[in-house]
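Biologist: Could you walk me through this one? I'd love to hear about the sheets and the place where the chains meet.

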Amino acid sequence: MIRIATAAFDSGRELAEFIRLCPASTGGIASFTGLVRGGGTDGITALTLEHYPGMTERRIAEIIETAHARWQLDSSLVIHRVGRMLPGEAIVFVATASAHRAAALAACEFLIDWLKTKAPFWKLEETSAGERWVEPRAADDEAAARWA
Amino acid sequence: MRLRYFAWLRTRIGTSAEELPLPAGVATVAGVLDWLAGRGAGYAAALDRRDVVRVAVNQEFAPLDHPVSDADEVALFPPVTGG
């Protein structure tokens, strides 16, 4: 399942619903929630996520297909926020369900690593000094490359 | 051809989408980038870091030698930074 969210969502509620809908064969569920990071030296006051409607959903669907081909998953869910959001709000939520924990944990990590580097989203940070487009991080590319 | 621009390519070019007739002789992604770079200061500024510009043809990532036609949707954007 894929959802592009244009408003704030509650990842706790999403996880509870995901668990409720799992088949009887599921023995383990993993999830990841990414938040807009505030505080620190970045001084981020808001974040705007831009995407490419149509292509973004297709790319996420392909990434999910890859995960399901690689691991024995009962189900999976990706929610990605777009638009303007504030520190503390959820940007992305990934959940995976499998008979055993290893597949659920690995697939969850794979999904977030590939989402960050292979799906068309772009982050614009607002700080007290103005706006700036976020540059890709080498560490994200390295994390994604581990799964090749 | 339908052209779409995202993130800082959109802000430098000054529009998110436009329809332009594909000039005769432009047949690849590289040719589209060369043609657009000559359309004005905003385009030139958007395309001055050509090595980081990514391209999708009909919503699929496409390399520089990928063919293009007037019926295509061609999107230009920087490396992705989601998640």
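Modeller: Happy to; what follows is a short set of questions and answers on a predicted model.

Biologist: Which element of chain A gives the most to the side that touches chain B?
Modeller: Counting contacts, 21 residues of chain A meet 13 residues of chain B. Strand 3 (44–51), helix 2 (55–70), helix 3 (101–118) and strand 7 (121–127) of chain A each supply at least two residues of that side of chain A. With four residues, the top contributor is helix 3 of chain A.

Biologist: And how many residues on that side of chain A are nonpolar?
Modeller: That side of chain A includes four polar and four charged residues. The nonpolar residues there number 13.

Biologist: Which strands stand at the edges of the open sheet in chain A?
Modeller: The four strands of this antiparallel sheet follow the order 5-3-7-8. An edge strand has a single partner, so one of its sides is left without a neighbour in the sheet. In chain A that describes strand 5 (83–85) and strand 8 (130–133).

Biologist: Which residue stands opposite A:E50?
Modeller: Strand 3 and strand 7 of chain A pair in the antiparallel sense over seven bridges. Opposite A:E50, in strand 7 of chain A, stands A:W122.

Biologist: Over in chain B, what is the bridge partner of B:A56?
Modeller: Chain B has an open sheet of five strands with mixed pairing, in the order 2-1-5-3-4. Its strand 3 (residues 54–57) runs antiparallel to strand 4 of chain B, and two bridges join them. In strand 4 of chain B, the partner of B:A56 is B:F61.

Terms used
Residues numbered from 1 in each chain as written. Chains lettered and ligands numbered in written order. Predicted model: local features only at pLDDT ≥ 70, side-chain atom pairs only at ≥ 80, totals over all residues. Contact = placed C-beta atoms within 7 Å. Nonpolar A, V, L, I, M, F, W, Y, C, P; charged D, E, K, R; others polar. Pairing = 2+ DSSP bridges.
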